[in-house]
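Q: Could you take me through a close look at one part of this protein, step by step? I am new to reading structures.

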Amino acid sequence: MEEGESNVDRGESVIPGIGFQDAPSCVSWRRLSLLTVAIGPGIITMLADTDAGSIVTAAQSGAMWGYQMVLPQMILIPILYLVQEVTVRLGIVTKQGHGELIRGHFGFWWAILSVSTLFLSSVGALVTEFSGIAGVGALFGVPVWFSVPAATILLIALGITGSYLYVERVGIVIGLFELAFVVTAFMVHPSPAQMVHDVVSLPLGNAGYTFLLAANVGAVIMPWMIFYQQGAVTDKHLTRADLRAARWETLIGSIITQAIMIAVVIAVAATIGQVSPHRPLNTVQEISQALAPFIGPAGGKVLFGLGMLGASFTASLVVSIAGAYGIGEAFHFNHSLNHRFSEARLFYLIYTLAHVGGALIVLLNVDHLIDINVDVEVMNAMLLPIVLGFLLALEAKVLPKQWRMQGVYRYVVWGLSGVVMAFGLYVAVKVA
């Protein structure tokens with residue numbers, strides 16, 4: 001056993017808190033310090049996961065189907081954790097990024113295929129993030145031509161600071177604004193009886209519901225998340241001794257991000273879903289205005305604006321970094337936020353161009369932002385067979401035997417991933 005390794009690090013237990021022979025009765029200072037060091041990549045990834053596109057998709061679900069999308073959001077919690085746990089394991093054990101592993105073990109062209117899914121997902125995500133920023137600006141009377149370029153400049157300036165830790169900390173602080181959605185869900189006083197009724201009656205045979213369900217799956221499990229979190233644990237130099245803490249952090253983040261998604265569904269279902277059921281949303285302002293009668297005009301603007309701003313800004317940061325990580329890994333050039341600009345010009349150029357490109361697309365399509373958000377999440381669901389296929393293949397091929405998934409846990413991960421991939425293929429066929 002390597003120095004600093006425990007039974008956890010050798011792969012003898014996988015799920016946090018379950019089956020650890022050496023688990024103490026209380027949290028020791030050593031374990032607390034490990035968690036403090038490891039915390040960051042999982043939390044910021046999950047906060048970014050609840051991005052502007054995800055928020056809009058959840059809101060559209062609440063408006064169209066009331067509380068009937070709450071149960072799928074709950075079911076997605078363990079699936080999201082299991083996928084990202086494999087990502088964390090690969091990054092910490094191999095100390096390599098996702099694209100780098102694919103290139104090294106499957107070849108350059110397979111890496112290009114993988115990075116292509118990352119590119120499509122990242123461009124789509126950045127469009128949704130800047131559309132969210134534009135929507136928040138419009139709530140407060142700030143024109144799109146000012147809010148989007150201003151956010152672009154701030155994001156570029158933050159990313160090129162040459163410090164991974166600084167970027168991570170700022171991203172987490174701003175991302176925590178999303179908790180405003182949880183406050184909003186309580187303030188609108190949803191009906192518990194109606195919620196219980198809707199949660200257990202899912203219209204799975206309805207094509208419109210299935211389409212939004214696909215969008216919600218794509219809004220929770222996104223290709224860029226895998227590239228980012230695996231790149232982040234290597235950029236932060238986490239070791240095998242940090243693995244257990246990194247798993248716990250990822251689990252906590254999975255619960256937080258889905259709690260936010262559920263809060264948005266509930267808040268909109270209890271407002272728009274009750275006043276005008278099955279009415280699709282057209283603008284971000286509609287969502288805010290629907291909350292006004294329940295929490296006041298100022299409360300609707302401030303709470304919804306804070307939540308959407310946190311979601312959009314943090315996700316813009318993470319998505320663009322993920323894209324630069326992936327391309328840098330596939331083409332073997334410097335790709336670390338700890339490098340100065342002069343040491344990783346191409347990495348920072350890609351990061352910068354990603355923001356500029358996303359901003360320009362939004363500025364040119366400002367009248368169709370809600371539809372773009374939902375369509376992007378459906379596209380993510382269609383890409384999942386490729387993304388999860390590579391992830392599972394890497395886990396089986398790259399990791400030493402003692403670090404691979406074992407027993408029932410392995411079959412659970414493969415089974416749930418198979419269901420998600422099959423759903424992605426089904427959606428691709430239906431859309432085609």
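A: **A close look at Leu 120**

At 43% relative accessibility, Leu 120 counts as partly exposed, because that label covers values between buried (under 20% relative accessible area) and exposed (over 50%), found with a 1.4 Å probe and protein chains only. Before going on, please note that this is a predicted model, where local features need pLDDT of at least 70, side-chain atom pairs count only at pLDDT 80 or more, and totals for chains, interfaces and linings use all residues. Residues are numbered from 1 along each chain as its sequence is written, and side-chain values use heavy atoms, leaving out hydrogens and water.

Leu 120 sits in helix H6, residues 108-139; helices are DSSP runs (H or I, at least four residues) numbered from the N terminus. Leaving aside neighbours within four places in sequence, Leu 120 is in contact with Met 379 and Leu 383, where contact means heavy atoms within 4.5 Å. Now find Pro 223: it lies 103 residues from Leu 120 along the chain, yet their C-alpha atoms are separated by 9.1 Å.

How far can you trust the picture? The predictor's confidence in each residue is the pLDDT, from 0 to 100. The protein averages a pLDDT of 83, and 88% of the residues score at least 70. Over residues 1-27, however, the pLDDT is below 50, although this stretch has 50 contacts in the model beyond near neighbours in sequence. Where pLDDT is low, the predicted coordinates should not be read in detail.

Methods
Helix = DSSP H or I, 4+ residues; strand = E, 2+ residues; numbered from the N terminus.
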